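Colleague: I should like to understand how the terms used for a structure are justified. May I put some questions to you?

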Amino acid sequence: MKLQRLDLVGLGLLLATALTWALGESGWLRSAGSASATFILVLALVKGAGIALDFMELREAPRLWRWFVLGWLLLVIGLIVGVRLLAGR
């Protein structure tokens, strides 16, 4: 049985979600400060890109659609970071 790309991406998403959950339950996220927030946001970006490119099948779509969806993802994460930085002042 050969695993397809979609199977591997799905497995990666499951593992990333399990890792995020395990880190949250361990208390590391509270003690690591901004490093943990950065890690979680990078992981969210990778997971979102995997979903958009493979499950939404944008990998084969016109470049404009990929840029639009991935740009939206970057914008949302950037807004989260911006609000967090402004709230920290």
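The conversation below sets values against definitions, one term at a time.

Modeller: Please bear in mind that this is a predicted model.

Colleague: What makes up the secondary structure of the protein chain?

Modeller: The protein chain has four helices and zero strands. Along the sequence, the pattern reads α-α-α-α.

Colleague: Why is the protein chain called more spread out than a compact globule?

Modeller: The globule rule gives 12 Å for 89 residues, and the radius of gyration of the protein chain is 15 Å, well over that value, so the chain is more spread out than a compact globule. Along the principal axes, the C-alpha atoms fill a box of roughly 45 × 35 × 10 Å. Buried residues make up 21% of the 89 residues.

Colleague: Why is the pair Arg5 and Asp54 called a salt bridge?

Modeller: The definition asks for a side-chain nitrogen of Lys or Arg within 4 Å of a carboxyl oxygen of Asp or Glu. For Arg5 and Asp54 the N to O distance is 3.1 Å, so the pair meets the definition of a salt bridge. Arg5 lies in helix α1 (residues 5-26) and Asp54 in helix α3 (residues 34-55), so the pair ties together parts that are 49 residues apart in sequence.

Colleague: What makes such a pairing possible in general?

Modeller: Side chains of opposite charge can pair when their charged atoms come close.

Colleague: How many salt bridges does the rule give, and which residues are linked in a network?

Modeller: The count comes to two salt bridges. Asp54 also forms a salt bridge with Arg59, with the closest N and O atoms 3.1 Å apart. Arg5, Asp54 and Arg59 are thus linked in a network of salt bridges.

Colleague: Are the residues of this network buried or exposed, and how do you know?

Modeller: Buried means under 20% relative accessible area. Asp54 has 11%, so Asp54 counts as buried. Exposed means over 50%, and partly exposed lies in between. Arg5 has a relative accessible area of 48%, so Arg5 is partly exposed. Arg59, with 32%, is partly exposed as well.

Colleague: Why is Leu74 called exposed?

Modeller: Leu74, which lies in helix α4, has a relative accessible area of 51%; the cut-off is over 50%, so Leu74 is exposed. The C-alpha atoms of Leu74 and Ala49, 25 residues apart along the chain, are separated by 9.7 Å.

Colleague: What is the class of Leu6, and why?

Modeller: Leu6 has 40% relative accessibility, which is between the two cut-offs, so Leu6 counts as partly exposed. Leu6 lies in helix α1.

Colleague: Which residues is Leu6 in contact with, leaving aside its neighbours within four places in sequence?

Modeller: Leu6 is in contact with Asp54 and Phe55; contact means heavy atoms within 4.5 Å. Between the C-alpha atoms of Leu6 and Leu75, 69 residues apart along the chain, the separation is 25 Å.

Colleague: What is the phi value of Glu57, and where is this residue placed?

Modeller: Phi of Glu57 is near 60°, a positive value in a residue other than glycine. Glu57 is in the loop between α3 and α4 (63-87). Its relative accessible area is 59%, over the 50% cut-off, so Glu57 is exposed.

Conventions. Residues numbered from 1 in each chain as written. Predicted model: local features only at pLDDT ≥ 70, side-chain atom pairs only at ≥ 80, totals over all residues. Heavy atoms only, no water. Helix = DSSP H or I, 4+ residues; strand = E, 2+ residues; numbered from the N terminus. Rg over C-alpha atoms; globule rule 2.2 N^0.38 Å. Buried < 20%, exposed > 50% of the residue type's maximum accessible area, 1.4 Å probe, protein only.
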